[in-house]
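Here are a few exercises to work through with the coordinates open. Try each task yourself before reading the solution.

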Amino acid sequence: MKILIVEDDKGISDFVIPELEHEGYTTCLAVTGREALEKFESEKPDLILLDIMLPELNGLEVLRRIRAESTVPVILETARGETIDKINGLNLGADDYIPKPFEIEELLARINALFRRVNYAKEKESPVSIKNLILNIDRMSFSIKNDKVAEKESLDGEGADSNMVEVQLSKTEFLFLKLLIENQGKVFSRQQIIDEIWGVGHYIDENTVDVYVGYLRSKISEYTKDEYIRTVRGAGYMMG
């Protein structure tokens with residue numbers, strides 16, 4: 001498992017990295033907020049240990065940008081007694097926090113516990129699918145049978161294989177599709193969709209829902225003629 005340490009204090013990183021590697025983890029280091037985002041994209045870590053006080057971009061902004069596209073586990077390093085940092089971090093999607101200074105035993109315990117929770121959740125997670133479309137929870141994508149290729153191969157007399165393709169989704173597209181697939185046959189009004197995806201109390205124009213339906217339909221229709229997202233006139237949308 002690879003851990004990205006985002007820490008500009010060399011004393012702390014020099015202390016933490018050998019201990020983590022001794023425990024069998026692979027590590028990589030970023031010392032600024034911008035470098036953290038670059039390393040997140042290039043290294044694909046399994047967990048991020050993220051300091052809040054960073055040059056260029058602070059840790060909370062780094063966390064906000066990461067959460068826009070990933071659910072990778074994040075442990076925040078907070079200043080002892082700074083309750084507001086803990087609250088803001090958890091609200092932005094941090095999985096845990098550890099006050100500085102900390103003992104390496106406590107950090108290792110928190111990392112191991114977080115990995116156990118993540119692995120347990122993956123083991124319990126059943127595939128989310130409908131017809132020939134499978135939602136890939138851990139990759140924010142869906143896999144779908146490319147019926148158009150299969151049809152062409154059939155006409156050409158060639159033997160078609162499964163023809164499954166993977167399609168990447170934005171975070172909002174993923175949440176939208178997940179909501180509909182997990183509630184197949186249930187009609188959601190535009191306002192209900194807004195409340196579920198963006199949160200109750202957030203002002204989002206209802207036309208935004210129609211825009212995302214268009215995005216998803218476009219991505220699905222590239223590979224199949226089947227209708228997945230149905231419009232229920234005067235009511236909203238449903239999957240099925």
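**Exercise 1.** Does Val165 count as buried, partly exposed or exposed, and what is its relative accessibility? Then work out what surrounds it.

*Solution.* Keep in mind that this is a predicted model.
- Step 1: get the number. Val165 has a relative accessibility of 24%.
- Step 2: apply the cut-offs. Buried means under 20% and exposed means over 50%, so Val165 at 24% counts as partly exposed.
- Step 3: place the residue. Val165 sits in strand E9.
- Step 4: look across the strand pair. Ile144 stands opposite Val165, and their C-alpha atoms are separated by 5.6 Å although the two residues are 21 apart along the chain.
- Step 5: list the contacts. Skipping neighbours within four places in sequence, Val165 touches Phe142, Ser143, Ile144, Asn146 and Tyr223.

**Exercise 2.** Find out which strands E8 pairs with, and in which direction they run. Then decide why E8 can be called largely enclosed.

*Solution.*
- Step 1: take the E7 side. Strand E7 (residues 133–136) runs antiparallel to E8, and 4 bridges join them. One of the partners to check is Ser143 in E8, which is bridged to Ile134.
- Step 2: inspect the turn. The hairpin of E7 and E8 has 4 residues between the strands, and in it Met140 adopts a positive phi near 50 degrees.
- Step 3: take the E9 side. Here 5 bridges link E8 to strand E9 (residues 164–168), again an antiparallel pair.
- Step 4: check burial. E8 covers residues 141–145, and 4 of its 5 residues are buried, so the strand is largely enclosed by the rest of the structure.

**Exercise 3.** Dissect the largest nonpolar core: how many residues does it have, and which have the most contacts inside it?

*Solution.*
- Step 1: count and rank. The core holds 30 residues, and Leu133, Leu135, Phe142, Phe176 and Leu177 have the most contacts inside it.
- Step 2: trace the contributors. Two or more residues come from each of strand E6 (128–130), E7, E8, helix H7 (171–182), helix H8 (190–197), helix H9 (207–221) and strand E11 (236–239).
- Step 3: pick out the main donor. H7 gives the largest share, 6 residues.
- Step 4: zoom in on Phe176. Residues up to four places away aside, Phe176 touches Ile193, Ile197, Val209, Tyr212, Val213 and Leu216.
- Step 5: look for another core. There's a second, separate one of 20 residues, with Val6, Leu57, Val62 and Val74 among them.

**Exercise 4.** Give E4 the treatment you gave E8: which strand is it joined to, and do they run parallel or antiparallel?

*Solution.*
- Step 1: find the partner. Strand E3 (residues 47–51) is joined to E4 by 4 bridges, and the two run parallel. Within this pair, Asp51 is bridged to Glu77 of E4.
- Step 2: check burial. E4 spans residues 74–79, and 5 of its 6 residues are buried, so it too is largely enclosed by the rest of the structure.

**Exercise 5.** Zoom out and describe the chain as a whole.

*Solution.*
- Step 1: elements. The chain has 9 helices and 11 strands.
- Step 2: extent. Along the principal axes, its C-alpha atoms fill a box of roughly 65 × 45 × 35 Å.
- Step 3: burial and contacts. Of its 240 residues, 42% count as buried. Among contacts between residues at least 6 apart in sequence, 59% join residues at least 24 apart.
- Step 4: surface and charge. The accessible surface is about 12,900 Å², with 49% belonging to carbon and sulfur atoms. There are 30 positive and 44 negative side chains, and the centres of the two sets lie 6 Å apart.

Notes. Residues numbered from 1 in each chain as written. Predicted model: local features only at pLDDT ≥ 70, side-chain atom pairs only at ≥ 80, totals over all residues. Heavy atoms only, no water. Buried < 20%, exposed > 50% of the residue type's maximum accessible area, 1.4 Å probe, protein only. Pairing = 2+ DSSP bridges. Core = buried A, V, L, I, M, F, W, Y, C linked by side-chain atoms within 4.5 Å. Contact = heavy atoms within 4.5 Å. Areas by Shrake-Rupley, 256 points an atom, 1.4 Å probe, with all protein chains shown as cover. Lys, Arg positive; Asp, Glu negative; His and termini not counted. Charge placed at Lys NZ, Arg CZ, Asp CG, Glu CD.
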